[in-house]
Amino acid sequence: MSEMEMAESGKTPKLKVATAALCGCFGCHMSLLDIDERILKLVELIEFDRTPLTDIKKVGKCDIGLIEGGVANAENVEVLREFRNNCDILVAVGACAVNGGVPAMRNQFDLKECLEEVYIHGIGVENPQIPNDIEIPLLLDKVHPIHEVVRVDYFLPGCPPSADTFWTFLTDLIAGEAISFPYSLIHYD
Ligand code: SF4
């Protein structure tokens, strides 16, 4: 009996999977949900821990952590390190996590310039001031791909990776098989 069949039959504990969105657009999470009815099959094989899907706020010990988004502020660093400490396998999901993606476009400007452009000189700004509240996570000077902060085990490129890419990746991983994508699933846009 394969690991996948054993998991389906309930003979092995389900793998625990957590997900987090750092500086991204949640598009990668939406793409994961695009596996549609296959999510029913997925929840026979895995149990979700911290993820926007469960609304659990703190990550526990997990087998797999999926990270969307780049690292743009102090809170992103904290969440990412917490995932690395708790997840056996950490996966960079999507262009923002893999190489900074769209949020990293600000890296060619000074942070001060970016803030002034938005909050001081922005179109329609009526009360120009740069937000400064301890509740707001401190921005980093640059947006970083997650591998510049923690060790990463797998990279899933794409903006976002397609639902079929998620499905192939997760089912291969859960089955204990080498990850194997058909050429049609490998894209970087
Ligand atoms: S990779 Fe694309 S879809 Fe995913 S968070 Fe970044 S911008 Fe959104």
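These exercises work through a predicted model.

**Exercise 1. The ligand shell**

Which residues lie around the ligand, and which elements give two or more of them?

Solution.
- Start with the roster. The shell holds Gly-24, Cys-25, Gly-27, Cys-28, Glu-68, Gly-94, Ala-95, Cys-96, Gly-158, Cys-159 and Pro-160.
- Assign elements next. Helices α2 (27-33) and α5 (94-99) each give two or more residues.
- Rank the contributions. α5 gives the most, with 3 residues.
- Sort by character. The shell has 6 nonpolar, 4 polar and 1 charged residues.

**Exercise 2. Met-30 and a surface patch**

Is Met-30 buried, partly exposed or exposed, and which nonpolar patch does Met-30 help to make?

Solution.
- Place the residue. Met-30 sits in helix α2, an element that also supplies the ligand shell.
- Check its accessibility. The relative accessible area of Met-30 is 46%. Partly exposed covers the range between 20% and 50%, so Met-30 is partly exposed.
- Find the patch. Phe-26, Met-30, Leu-33 and Leu-53 make a nonpolar surface patch of about 330 Å².

**Exercise 3. Asn-76 in helix α4**

Is Asn-76 buried or exposed, and which residues does Asn-76 contact beyond its neighbours within four places in sequence?

Solution.
- Locate Asn-76. Its helix is α4, residues 74-86.
- Read the accessibility. Asn-76 has a relative accessible area of 7%. Buried means under 20%, so Asn-76 is buried.
- List the contacts. With neighbours within four places set aside, Asn-76 touches Leu-22, Cys-23, Gly-70 and Val-71.

**Exercise 4. Salt bridges across the chain**

How many salt bridges are there, and which parts of the chain does the Arg-38 and Asp-164 pair tie together?

Solution.
- Take the count. There are 7 salt bridges.
- Recall the principle. Side chains of opposite charge can pair when their charged atoms come close.
- Examine Arg-38 and Asp-164. Their side chains meet in a salt bridge at 3.0 Å, N to O. Arg-38 is in helix α3 (residues 38-45) and Asp-164 in helix α7 (residues 163-174), so the bridge ties together parts 126 residues apart in sequence.
- Check both ends. Arg-38 is partly exposed at 25% relative accessibility. Asp-164 is partly exposed at 38%.
- Turn to Lys-58 and Glu-82. This salt bridge spans 2.6 Å, N to O. Lys-58 is in the loop between β2 (46-48) and β3 (62-68), Glu-82 in helix α4, 24 residues apart. Lys-58 is exposed, with a relative accessible area of 58%.

**Exercise 5. A network at Arg-84**

Where do Arg-84 and Asp-153 lie, and which residues are linked in a network of salt bridges?

Solution.
- Begin with the pair. The side chains of Arg-84 and Asp-153 form a salt bridge at 3.1 Å, N to O.
- Place both residues. Arg-84 is in helix α4, and Asp-153 is in the loop between β6 (139-144) and β7 (154-156), 69 residues apart.
- Compare the ends. Arg-84 is buried at 12% relative accessibility, whereas Asp-153 is partly exposed at 28%.
- Widen the view. Arg-84, Arg-151 and Asp-153 are linked in a network of salt bridges.

**Exercise 6. Ala-97 in helix α5**

Which residues does Ala-97 contact, beyond its neighbours within four places in sequence?

Solution.
- Locate the residue. Ala-97 is in helix α5.
- Check its cover. Ala-97 is buried at 0% relative accessible area.
- List the contacts. With neighbours within four places left aside, they are Ile-67, Glu-68, Gly-69, Gly-70, Ala-92, Pro-145 and Ile-146.
- Add a distance. The C-alpha atoms of Ala-97 and Leu-22 are separated by 8.2 Å, with their positions 75 residues apart along the chain.

Key:
Residues numbered from 1 in each chain as written. Predicted model: local features only at pLDDT ≥ 70, side-chain atom pairs only at ≥ 80, totals over all residues. Heavy atoms only, no water. Near = heavy atom within 4 Å. Helix = DSSP H or I, 4+ residues; strand = E, 2+ residues; numbered from the N terminus. Nonpolar A, V, L, I, M, F, W, Y, C, P; charged D, E, K, R; others polar. Patch = residues over 30% accessible without salt bridge, like charges linked within 9 Å, V, L, I, M, F, W, Y side chains within 5 Å. Areas by Shrake-Rupley, 256 points an atom, 1.4 Å probe, with all protein chains shown as cover. Salt bridge = Lys/Arg side-chain N within 4 Å of Asp/Glu carboxyl O. Buried < 20%, exposed > 50% of the residue type's maximum accessible area, 1.4 Å probe, protein only. Contact = heavy atoms within 4.5 Å.
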